[in-house]
Amino acid sequence: MDRFENKIALITGSSQGIGAACALRLAKDGCDIILNGHKFDERGEKLIKEIQDMGRKATFLEADLSKANAATKLITDAVAVFGHLDILVNNAGVEKKASFWEVTEEDYDLIMNTNLKGVFFSIQSFVNYCRKSKVAGTIINMSSVHEEIAFPHFAAYCTSKGGLKMLTRNLASELAQFNIRINNVAPGAVSTPINQNLLNNKEQLEKVLQNIPLKRMGKAEDVAAVVAFLASDDAAYVTGSTYYVDGGLTYHYEEQ
Ligand code: NAD
């Protein structure tokens, strides 16, 4: 029997990068998939075909998750597609580099609204659906090692992911009574389009790798494997946690 027999998952921001890898991994493990992004394009089309070729159902819903009402509506629309929803992966996220004293209100709002506010209201909408339909839902938030460790020149990003850490801790307590589990996955440095500048800069990349005990960038598939575990019944007793997928970066100690 497939790990996710008769299960349906919504993965936000899944046209590329970690979100796309999560969609493919969950589909491989037997899940039907609802993809999401700002706009449906050839990347979404290709993913739908790949998922259908695995014998699973897939569709794509457009939504700008920096807006609370769009996040709420996305859940309602997702439930309507296949009549059911079991797994919510809040993956969509943005980051912008700026020294703290130069962060604009516009950039602060974009980062906080996408990485925290949209996630907050998509979870609220999903929880309302689960309670009403008596679904034992599972939520996975794509956090970051920066829910825990500092990242100078990314203050708004760290603030958003730090907020996500406490949101998950808090909701694990509040939602357990409905049999809803919630966990964070915290990637380190993963080779995706969000890190294109780093990947193009050999010198900077070398410095980053020095701080990673496993001495390589993560792959989107490394992250997706942990998401699949947390979404499955293998993690039935796991809630309110953060799983680091960082090659050892977060708690690395450089011996002198
Ligand atoms: P990415 O930029 O490749 O993908 C992010 C996706 O989110 C894109 O498809 C983008 O269109 C979508 N998105 C952004 N804003 C959106 C919005 N308002 N509405 C709908 N979709 C939106 O980045 P990625 O590396 O795949 O990152 C995925 C998640 O993982 C993010 O939350 C990011 O913070 C987190 N993360 C990534 C890394 C890394 O090293 N790549 C490390 C730590 C955390």
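Leaving aside neighbours within four places in sequence, which residues is Ile-11 in contact with? In this predicted model, the list runs to Gly-19, Cys-22, Ala-23, Leu-26, Ile-33, Ile-34, Leu-35, Asn-36, Val-89 and Asn-91. Ile-11 is a good starting point for a reader new to the structure, as the residue also belongs to the largest nonpolar core.

That core has 35 residues, and those with the most contacts inside it are Ile-11, Leu-26, Ile-33, Leu-35, Val-185, Val-223 and Val-227. Two or more residues come from each of β1 (8–11), α1, β2 (32–37), α2 (42–53), β3 (58–62), β4 (87–90), β5 (138–142) and α8 (220–231). The element that gives the most is α8, with eight residues. A second core, separate from this one, has 31 residues, with Leu-65, Leu-74, Val-79 and Met-112 among them. In soluble globular proteins, nonpolar side chains tend to be buried together.

Helix α1 also holds Ala-27. Ala-27 counts as buried because its relative accessible area is 2%, under the 20% cut-off. Beyond its neighbours within four places in sequence, Ala-27 is in contact with Ile-33, Ile-51, Met-54 and Arg-56. Lys-49 lies 22 residues from Ala-27 along the chain, and the C-alpha atoms of the two are separated by 12 Å.

Attention now turns to α3 and α4. Helix α3 (residues 68–82) has Ala-70, Ala-71, Leu-74, Ile-75, Ala-78 and Val-79 as its buried residues. Their cover includes β1, β2, β3, β4 and α4. After α3 comes Gly-83, with a positive phi near 80°. In helix α4 (residues 105–133) sits Ser-122, which is buried because its relative accessibility is 3%. Once neighbours within four places in sequence are set aside, Ser-122 is in contact with Ala-71, Ile-75, Leu-88 and Asn-90. Two of these contacts, Ala-71 and Ile-75, are with buried residues of α3. With Asn-90, the side chain of Ser-122 makes a side-chain polar contact of 2.8 Å.

Next comes the ligand. Which of the 28 residues around the ligand come nearest? They are Gln-16, Asn-91, Tyr-157, Thr-192 and Asn-195; Asn-91 was met above as a contact of Ile-11. An N or O atom in the side chain of Thr-192 is 2.5 Å from a ligand oxygen atom. For Gln-16, a polar side-chain atom lies 2.8 Å from an oxygen atom of the ligand, while Val-190 places a backbone N or O atom 2.8 Å from a ligand oxygen atom. On its own the ligand has 820 Å² of accessible area, of which the protein covers 93%. The elements giving two or more residues to the surrounding shell are α1 (17–28) and α5 (155–175). Sorted by class, this shell has 14 polar, twelve nonpolar and two charged residues.

Finally, two loop residues deserve a look for their backbone angles. Most residues other than glycine have a negative phi. Lys-134, in the loop between α4 and β5, has instead a positive phi, near 55°. Lys-134 counts as exposed because its relative accessibility is 75%, over the 50% cut-off. Asn-179, in the loop between α5 and β6 (181–187), has a positive phi as well, near 65°. With a relative accessible area of 54%, Asn-179 is exposed.

Notes. Residues numbered from 1 in each chain as written. Predicted model: local features only at pLDDT ≥ 70, side-chain atom pairs only at ≥ 80, totals over all residues. Heavy atoms only, no water. Near = heavy atom within 4 Å. Polar contact = N/O pair within 3.5 Å; in protein donor to acceptor, adjacent residues only side chain to side chain. Areas by Shrake-Rupley, 256 points an atom, 1.4 Å probe, with all protein chains shown as cover. Helix = DSSP H or I, 4+ residues; strand = E, 2+ residues; numbered from the N terminus. Nonpolar A, V, L, I, M, F, W, Y, C, P; charged D, E, K, R; others polar. Core = buried A, V, L, I, M, F, W, Y, C linked by side-chain atoms within 4.5 Å. Buried < 20%, exposed > 50% of the residue type's maximum accessible area, 1.4 Å probe, protein only. Contact = heavy atoms within 4.5 Å.
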